[in-house]
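The exercises below are meant to be worked with the sequence and the coordinates open side by side. Try each task before reading its solution.

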There are 2 protein chains.
Amino acid sequence: MVTSKTSSANELNLNKSQIDLVAKCFAALGDPVRLQLLQLLSERGEICSCELEGPLNKSQPTISHHTKVLVESGLIVGEKRGKWMWWKLNGQTFDIVRRTLGNL
Amino acid sequence: MVTSKTSSANELNLNKSQIDLVAKCFAALGDPVRLQLLQLLSERGEICSCELEGPLNKSQPTISHHTKVLVESGLIVGEKRGKWMWWKLNGQTFDIVRRTLGNL
DNA sequence: TTTATATATTGACATATATCAATATATGTG
DNA sequence: CACATATATTGATATATGTCAATATATAAA
């Protein structure tokens, strides 16, 4: 039999700064516009800012604001190609968030 | 071969009101104090409000506020036993949130 | 019924957030 | 270079949120 040190029923207990990071992700996910944006992103794999104003029905500065929030949470990453910003999901961060949610 | 009607890479596409519901859950998850609270809840299975002030280091009204936010999102449910309020996680809501996150 | 205790509500305050118009910056094209 | 276009930033505004003191409500005990 393999012995293991388990502090509680759950394997991983988050410390304060880890909690803050994940909380920031959840907060970023906690807006309908950003959820729609992420859904579009997940459907297409990659999406340009210029393709978002239509479906999201928001002004250009508002779109820019939301992408910034998502970048700062680590949920998406951006790459500039010519005049266009292309966004894609950051799988690593999503994994962390999923794992956290899975342990609740 | 089984044919299936897939509108996109993802199976389920959320409509506006579904998005609002899930967004409300994520917003509820997007606070460090509430994440700590949920972690305690998940460790113990059930927890009383009176057991939260200590670990969370917040005032009684603040604890009450946070439990209310979690109830209104559907993430926890409460039951009054005598003078005490006992809280537990609502697995159904967590499943919906996990499924949504899994599809992104 | 009076008293003590657990929780909820109210009110106040400071901070955060979502939104857009106006403007700035960056990049490609003539 | 001058111009057009895609995105970012700034400033303003309205609304939402986290927090606690004070108070109200509910429940048990004496």
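A polar contact is a pair of N or O atoms within 3.5 Å; within protein, one atom must be able to donate a hydrogen and the other to accept it, and residues adjacent in sequence count only if both atoms are side-chain atoms. The model is predicted, so that local features need pLDDT of at least 70 and side-chain atom pairs count only at pLDDT 80 or more, while totals for chains, interfaces and linings use all residues. Residues are numbered from 1 along each chain as its sequence is written, chains are lettered from A and ligands numbered from 1 in the order in which they are written, and side-chain values use heavy atoms, with hydrogens and water left out.

**Exercise 1.** Describe the surface near DNA strand C and its polar contacts.

*Solution.* Begin with the residues near the strand, that is, those with a heavy atom within 4 Å of it: there are 23 around DNA strand C, and the closest are R34(A), T62(A), H66(A), C50(B) and Q60(B). Of the atoms of this strand that come within 4 Å of the protein, sugar and phosphate account for 68%.

Next, take the contacts one by one. A polar backbone atom of C50(B) is 3.0 Å from a phosphate oxygen of DNA strand C, and an N or O atom in the side chain of H65(A) is 3.1 Å from a phosphate oxygen of that strand. A base nitrogen is reached by Q60(B), through a polar side-chain atom at 2.7 Å.

Then place the surface on the fold: α2 and α4 of chain A, together with α4 and β3 (84-89) of chain B, give two or more residues each. Here helices (H or I, at least four residues) and strands (E, at least two) are DSSP runs, numbered from the N terminus.

**Exercise 2.** Which residues and elements meet DNA strand D?

*Solution.* First, 23 residues lie around DNA strand D, with Q60(A), R34(B), S59(B), T62(B) and H66(B) coming nearest. Second, Q60(A) places a polar side-chain atom 2.7 Å from a base nitrogen, H65(B) has a polar side-chain atom 3.2 Å from a phosphate oxygen, and a backbone N or O atom of K83(A) lies 3.3 Å from a sugar or linking oxygen. Third, at least two residues each come from α4 and β3 (84-89) of chain A and from α2 and α4 of chain B.

**Exercise 3.** Locate the aromatic pair, and explain why it joins two chains.

*Solution.* Rings of Phe, Tyr and Trp (its six-membered ring) pair if their centres lie within 6.5 Å, and planes under 30 degrees apart count as stacked, over 60 as edge-to-face and the rest as tilted. A search of the whole structure finds one such pair over all chains: F26(A) and F26(B) are stacked, 6.0 Å centre to centre with 20° between the planes. Because F26(A) lies in helix α1 of chain A and F26(B) in helix α1 of chain B, the pair joins two chains.

Now consider the surroundings. Both F26(A) and F26(B) are buried, where buried means under 20% relative accessible area, exposed over 50% and partly exposed in between (1.4 Å probe, protein chains only). Leaving aside neighbours within four places in sequence, F26(B) is in contact (heavy atoms within 4.5 Å) with residues including L29(A), L35(A), V97(B) and L101(B).
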